[in-house]
Amino acid sequence: MTTIAPEDTGQEALFDATIAADERIEPRDWMPDDYRASLVRQIAQHAHSEIIGMQPEANWITRAPSLRRKAILMAKVQDEAGHGLYLYSAAETLGTGRDELLDKLHTGRQKYSSIFNYPTLTWADVGAIGWLVDGAAITNQVPLCRCSYGPYARAMVRICKEESFHQRQGYELLLTLSRGTEAQHAMAQDAIDRWWWPSLMMFGPPDDESAHSAQSMAWKIKRHSNDELRQRFVDICVPQAETLGLTLPDPDLRWNEERGHWDFGPIDWTEFREVLKGNGPCNDERIGRRRRAHQEGAWVREAAAAHAAKHPAHTPHAGTDQEEAAR
Ligand code: FAQ
């Protein structure tokens, strides 16, 4: 059998034209293998970050200072699980199942965001995560709502709406602490001192060291470079920190009239690389806990599969609600 090259059937030209016209590629459309692989890589990294990201904040659910704060935090952590689900589903539309991706996470073959390898030492860290980590996530993810791959872009719309609530929750929490007692203010400041630089690292390596940016931007998966988004985030945070009455821990922060942006100090890229290699403060704890949760949940997956096998008619398209009730 002779294989027909995609360019001979016009598929590649159609793909290129769709990207050039800023239209969406959908699951059944032809796409280059590298485009598919790069999307799976980024979406998986993103999905893993959402579910590993539940751990640092979940650490404070039992110790939230009021019922209101506890309810808010539980809802937020649950939202992150939901984001993981949307994203694993988006990856599934590219032909890669959740089992395979989770296996790659558990065996260290795929990454999750460096930020979640830092510990949550005080209640103020919940505020810092909301304000800075969710804030950085939104800055990075709003442009992904215009990603060229339809299912990823659509998942991001909902995720960004929820992240926006999360960010405001963190800001309000920090504002309350900052305007509280001296000890509460100090606790909020300490959290910002610890979370600021790791938040800047969330945007990835500097542009000249970013392996995937150029190709991802040409395919309109990414719309802006890592450094552009990092700068945007700094510009947003400086005035917000002022309103909060908290100081960003960077003596080099200065308004640059010529550039129309805030200049900021050097990032410790050695620390970033170490965290990515698995040597951050909490890498072992996070991945160990994730593996345990997966093993302990095996019986739930088995029970759900056995139930589905016993009740094949229970699929959503099997019949109307009335038919279902009559059975
Ligand atoms: N941590 O060539 P680039 C959240 C990896 S969700 C770990 O620049 P790319 C919600 C990168 O994967 C936070 N690894 O890569 C939440 C690549 O590795 P690979 C996550 C990093 O893809 C809030 C290599 O370095 N958000 O916070 C990091 O063009 C609160 C080379 O880098 C997303 O994932 C890092 N910081 O750009 C949950 C958004 N940076 O694949 C709970 C979607 C880079 O070659 C609580 N992702 N790497 O092995 C993206 O926008 C992009 O993938 C970037 C990286 C910008 C992260």
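**Exercise 1. Find which helices supply at least two residues each of the shell around the ligand.**

Step 1. Start with the helices, which are DSSP runs of H or I with at least four residues, numbered from the N terminus. Those that each supply at least two shell residues are α3 (33-52), α5 (67-92), α7 (124-141), α8 (150-178) and α12 (269-279).

Step 2. Now look at the shares: α3 gives the largest one, with six residues.

Step 3. Keep in mind that this is a predicted model, where local features need pLDDT of at least 70, side-chain atom pairs count only at pLDDT 80 or more, and totals for chains, interfaces and linings use all residues. Residues are numbered from 1 along each chain as its sequence is written, and side-chain values use heavy atoms, with hydrogens and water left out.

**Exercise 2. Describe the residues around the ligand and the polar atoms that face its oxygen atoms.**

Step 1. A residue belongs here if one of its heavy atoms lies within 4 Å of the ligand. There are 36 such residues, and Q45, K111, S210, H212 and K222 come nearest.

Step 2. Sort the shell by residue type: 13 are nonpolar, 14 polar and nine charged. In this scheme Ala, Val, Leu, Ile, Met, Phe, Trp, Tyr, Cys and Pro are nonpolar, Asp, Glu, Lys and Arg are charged, and the others, Gly among them, are polar.

Step 3. Turn to the ligand's oxygen atoms. S210 places a polar side-chain atom 2.7 Å from one, and N226 does so at 2.8 Å. From A211, a polar backbone atom lies 3.0 Å from a ligand oxygen.

Step 4. Check the cover: of the 1100 Å² of accessible area that the ligand has on its own, the protein covers 92%. Such areas come from the Shrake-Rupley method with a 1.4 Å probe, and for residues only the protein chains shown count as cover.

**Exercise 3. Decide whether T120 and I115 are buried or exposed, and place them in the fold.**

Step 1. Both can be found in a loop: T120 lies between α6 (98-106) and α7, and I115 also sits in the loop between α6 and α7.

Step 2. Apply the cut-offs: buried is under 20% relative accessible area, exposed is over 50%, and partly exposed is in between (1.4 Å probe, protein chains only). T120 is buried because its relative accessibility is 7%. I115, at 0%, is therefore buried too.

Step 3. Look for a partner of T120. Its side chain makes a polar contact with the side chain of N59 at 3.0 Å. Such a contact is a pair of N or O atoms within 3.5 Å; within protein, one must be able to donate a hydrogen and the other to accept it, and residues adjacent in sequence count only if both atoms are side-chain atoms.

Step 4. For I115, take the C-alpha distance to P206: 16 Å in space, with their positions 91 residues apart in sequence.

**Exercise 4. Locate D22 and K220, and give the sign of their phi angles.**

Step 1. D22 is in the loop between α2 (11-20) and α3, while K220 is in the loop between α10 (213-218) and α11 (226-244).

Step 2. Read the angles: phi is near 65° for D22, a positive value, and about 60° for K220, also positive. Most residues other than glycine have a negative phi.

Step 3. Finish with D22, which counts as partly exposed because its relative accessibility is 47%.
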